[in-house]
Amino acid sequence: MSATMTMPGLRNGERGGRATLVAEAVQLLSREGIHGMSIGKLAERTGYSKGGIMAHFSSKEELVLSLVEESVSMARAFFRERLKDGTSPRERLSRTLRTYGQYWRSGLFEGGCLFLNLSVDAIDPAEEIALALRKAARTFISDFANVVRIGQATGEVRRAADPDDIGEKLMSLCVGAGWTYRMTGDEGIFERMQPAVDQIVRSVVRASSYVGAA
């Protein structure tokens, strides 16, 4: 698209580009949730006309589904960046919960953890948004499980360990701490739950490789 062209439905001075629209919509969704978010609110936030927004998305559901997918990419990138300096799979596994606490407080999503916020609204397990959130959860669990598999390949993690089981346990601890933080505002919950993570890590790594939490 050339600089002289405008997107369908845009008013004078509106910012163009789907990427800009999605970035702003993600933040609005994280604050307002599925039911609180509206095309009108997004138009006010972005300077788009409603017609300009609907030129990119045929429905609010399509918009939310696109935002969930984008948010998964954002969250995964956040974790990769903060765990990339981990010297071993053991260290990366041990740092999972602390990194999740950083994610909550980082402002990556204005409303906190977008996925937990949306799960409150997505009551019907058969609807597309609920299915998208379940897919997102499986993606994060798989990421944790892959760290276990890397450790098994290097000999640091016991071959008998079940990567998916470890991934689910770590995910459960992160989500539990996240809900508690959301309800109480107590940032210390992530540190106080760290021993539970360390116990999981100790149960799967070879004794010679574990020297304590990173």
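**Helix packing and salt bridges in a predicted all-helical model**

In this predicted model, the protein chain has a mean pLDDT of 86, and 87% of its residues reach a value of 70 or more. Two stretches fall below 50 on this scale: over residues 1–15, where the model nevertheless places 29 contacts beyond near neighbours in sequence, and over residues 210–214, where 15 such contacts are present. The secondary structure of the chain comes to 11 helices and 0 strands, and the pattern read along the sequence is accordingly α-α-α-α-α-α-α-α-α-α-α. Of the 214 residues in the chain, 48% count as buried. Among the contacts with a separation of 6 or more, 66% are accounted for by residues 24 or more positions apart.

Helix α7, which spans residues 114–121, is mostly covered, with 6 of its 8 residues buried. The buried residues in this helix are L114, F115, L116, N117, L118 and D121. What covers these buried residues includes α1 (18–36), α4 (60–83), α6, α8 (128–154) and α9, and two of these neighbours, α9 and α4, are described here in turn.

Helix α7 packs against helix α9 (residues 163–184) at an angle of about 80°, and the axes of the two helices lie 10 Å apart. Because angles of 65 to 115 degrees count as roughly perpendicular, α7 is described as roughly perpendicular to α9. On the α7 side the contact is made by L116, N117, S119 and V120, while α9 contributes V175, G178, W179 and R182. When the residues of this contact are sorted by character, 4 are nonpolar, 3 are polar and 1 is charged.

With helix α4 the arrangement is as follows: the axes of α4 and α7 come within 11 Å and cross at roughly 150°. Since angles over 145 degrees count as roughly antiparallel, α4 is roughly antiparallel to α7. In this contact, V68, S71, V72 and A75 of α4 meet L114, F115 and L118 of α7, and the residues divide into 6 nonpolar, 1 polar and no charged. The three α7 residues that meet α4, namely L114, F115 and L118, are also listed among the buried residues of α7.

Helix α9 also holds T180, a residue that is partly exposed, with a relative accessible area of 27%. When residues up to four places away in sequence are not counted, T180 touches G185 and I189. T180 and F190 are 10 residues apart in sequence, and their C-alpha atoms lie 9.3 Å apart in space.

Charged side chains form a further set of links, and the structure holds 14 salt bridges. One of these joins R98 to E191, with the closest N and O atoms 3.1 Å apart. This pair links distant parts of the chain, since R98 belongs to helix α6 (residues 96–105) and E191 to helix α10 (residues 189–192), a separation of 93 residues. R98 is partly exposed at a relative accessible area of 22%, and E191 is likewise partly exposed at 48%. Because residues count as buried only under 20% and as exposed only over 50%, the value of 22% places R98 in the partly exposed class, as the value of 48% does for E191.

A second salt bridge, between D165 and K169, has its closest N and O atoms 3.2 Å apart. Both of these residues lie in helix α9, where they are 4 residues apart, about one turn of the helix. D165 is partly exposed, with a relative accessible area of 29%, and K169 also counts as partly exposed, at 41% relative accessibility.

In a third salt bridge, the side chains of R192 and D186 meet at 2.5 Å, taken from N to O. R192 is exposed, with a relative accessible area of 51%, whereas D186 is partly exposed, with a relative accessible area of 29%. Salt bridges are also found in a linked arrangement, in which E24, R31, R45 and E110 are joined in a network.

Note on methods
Residues numbered from 1 in each chain as written. Heavy atoms only, no water. Axes fitted to C-alpha atoms, helices over the stretch in contact; angles between N-to-C directions. Parallel < 35°, antiparallel > 145°, perpendicular 65-115°, else oblique. Contact = heavy atoms within 4.5 Å. Nonpolar A, V, L, I, M, F, W, Y, C, P; charged D, E, K, R; others polar. Salt bridge = Lys/Arg side-chain N within 4 Å of Asp/Glu carboxyl O. Buried < 20%, exposed > 50% of the residue type's maximum accessible area, 1.4 Å probe, protein only. pLDDT = per-residue confidence, 0-100.
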